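This report introduces one protein chain to a reader who has not met it before. The text that follows should be read beside the sequence and the coordinates.

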Amino acid sequence: MVELLPAWCFNCRRFISRPCRSPSQYLCSTCYGKLPFIDGPTCTHCGLEHGSGSCSNSWAKDIESFHGIFYYQDPIHAWIVNLKYSAGLFAGRILRGFVNTWFTENTAAIRSLDAVLPVPIHPLRLRQRGFNQTALLLKSQRVLPLKTGLLKKQRFTSQQAGLTGLQRRDNIKGSFTATPSLHSKNVLLFDDVCTTGQTLGEICSCLKKVGVGQIHILTLSRSM
């Protein structure tokens with residue numbers, strides 16, 4: 001039987017010999033071992049390591065639980081940038097594998113939720129990019145129904161990267177809309193990156209306006 005494994009590590013470009021295999025078929029064990037997994041305690045509302053008994057981040061007030069897979073550091077940072085701005089679909093395939101693993105490992109905890117919602121992008125951005133990276137990263141998981149049309153980006157905004165927290169909040173304010181069919185639903189909201197949290201906070205406010213019940217957050221990466 002032919003093993004469907006790549007010959008070379010995506011990160012270091014070295015041959016993956018049998019002793020160097022890792023849980024990811026696209027990475028050698030050395031590169032896999034250097035990935036910036038979030039492995040310590042973080043705030044259940046905002047995902048930060050602030051060490052406080054309560055969260056003072058107002059944008060996170062509607063969040064029931066916050067989960068992050070990686071710190072927003074290289075090589076994860078580079079792979080996300082490659083996916084979003086250079087159509088690096090192979091990087092996307094690797095990252096999607098980690099998202100799938102998270103869903104598999106947390107099936108029991110999230111199975112009662114009604115849907116997973118990818119953070120949407122504006123139709124103009126979608127035409128420019130050709131895909132929504134958050135939906136792409138979710139498309140292989142089978143634990144929760146993936147709903148891509150219930151939350152929409154209705155106003156085109158400039159890129160959040162490079163803006164301060166206050167600028168991000170003003171830039172994103174009022175730019176999302178949600179359908180009333182989400183009323184009373186408990187959802188998992190997914191984004192590829194969380195930095196200041198302003199985008200997630202704005203979406204949570206939008207979801208609460210249509211009567212969404214619990215809002216849980218999953219991010220592929222989290223800035224600390």
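In this predicted model, the buried residues of α8 are Gln198, Thr199, Leu200, Gly201, Glu202, Ile203, Cys204, Cys206 and Leu207. Because 9 of its 12 residues are buried, helix α8 is largely enclosed by the rest of the structure. The helix covers residues 198-209, and its end C-alpha atoms lie 17 Å apart, in agreement with the 16 Å expected at 1.5 Å a residue. Just after α8, Gly211 adopts a positive phi of about 85 degrees.

**Helix α3**

The same test of length can be applied to α3. Its 17 residues should span 24 Å at 1.5 Å a residue, and the end C-alpha atoms are 24 Å apart, which agrees. Buried within α3 are Ala91, Gly92, Ile94, Leu95, Arg96, Phe98, Val99, Trp102 and Phe103.

Ile94 belongs to this helix. With a relative accessible area of 2%, Ile94 falls under the 20% limit and is therefore buried. When residues up to four places away in sequence are set aside, Ile94 touches Phe10, Ser24, Tyr26, Leu27 and Trp79. Cys12 is 82 residues from Ile94 along the chain, and their C-alpha atoms are separated by 14 Å.

**The nonpolar cores**

In soluble globular proteins, nonpolar side chains tend to be buried together. The largest nonpolar core here has 35 residues, and those with the most contacts inside it are Trp79, Phe103 and Leu220. Two or more residues each are given to this core by β1 (65-71), α2 (76-86), α3 (89-105), α6 (133-138), β5 (187-194) and β6 (215-222). Helix α3 provides the largest share, 7 residues. Apart from this core lies another, of 25 residues, which includes Val119, Cys194, Cys204 and Ile215.

What does Leu220 contact, leaving aside its neighbours within four places in sequence? Its partners are Ile69, Phe70, Ile80, Leu95, Val99, Leu137, Phe190, Asp191 and Asp192.

Thr219 is placed in strand β6. Its relative accessible area is 0%, so Thr219 is buried. Beyond the residues up to four places away in sequence, Thr219 touches Phe66, His67, Gly68, Ile69, Phe190, Asp191, Cys194 and Leu200.

**The second largest pocket**

Rolling a probe the size of a water molecule over the atoms shows where empty space is left. The second largest pocket has a volume of about 340 Å³. It is lined by 16 residues, and the closest to its centre are Tyr32, Gly97, Phe98, Thr101 and Trp102. The elements that give two or more residues to this lining are β1 and α3. The largest share of the lining, 7 residues, comes from α3. Sorted by class, the lining holds 9 nonpolar, 5 polar and 2 charged residues.

Helix α3 thus appears in two settings: it gives the largest share of the largest nonpolar core, and it also gives the largest share of the lining of this pocket.

**Backbone features in the loops**

Most residues other than glycine have a negative phi, and most peptide bonds are trans. The table lists three places in loops that depart from this pattern.

| Place | Backbone value | Location |
|---|---|---|
| Asp74 to Pro75 | cis peptide bond, omega near 5 degrees | Pro75 in the loop between β1 and α2 |
| Ala87 | phi near 55 degrees | loop between α2 and α3 |
| Ser184 | phi near 70 degrees | loop between β4 (176-178) and β5 |

Is Ala87 buried or partly exposed? At 43% relative accessibility, Ala87 counts as partly exposed, because this value lies between the limits of 20% and 50%.

A further loop residue, Asp39, lies between α1 (29-33) and β1. Its relative accessibility is 70%, over the 50% limit, so Asp39 counts as exposed. Asp39 and Gly68 are 29 residues apart in sequence, and the distance between their C-alpha atoms is 9.5 Å. Gly68 is also one of the residues touched by Thr219.

Technical notes: Residues numbered from 1 in each chain as written. Predicted model: local features only at pLDDT ≥ 70, side-chain atom pairs only at ≥ 80, totals over all residues. Heavy atoms only, no water. Core = buried A, V, L, I, M, F, W, Y, C linked by side-chain atoms within 4.5 Å. Buried < 20%, exposed > 50% of the residue type's maximum accessible area, 1.4 Å probe, protein only. Helix = DSSP H or I, 4+ residues; strand = E, 2+ residues; numbered from the N terminus. Contact = heavy atoms within 4.5 Å. Expected span 1.5 Å × (residues − 1). 1 Å grid on protein atoms, 1.4 Å probe; cavity = no way out; pocket = protein on both sides within 12 Å on 5 of 7 lines; lining within 4 Å. Points joined across faces, edges and corners; volume = space filled by probe spheres on them. Nonpolar A, V, L, I, M, F, W, Y, C, P; charged D, E, K, R; others polar.
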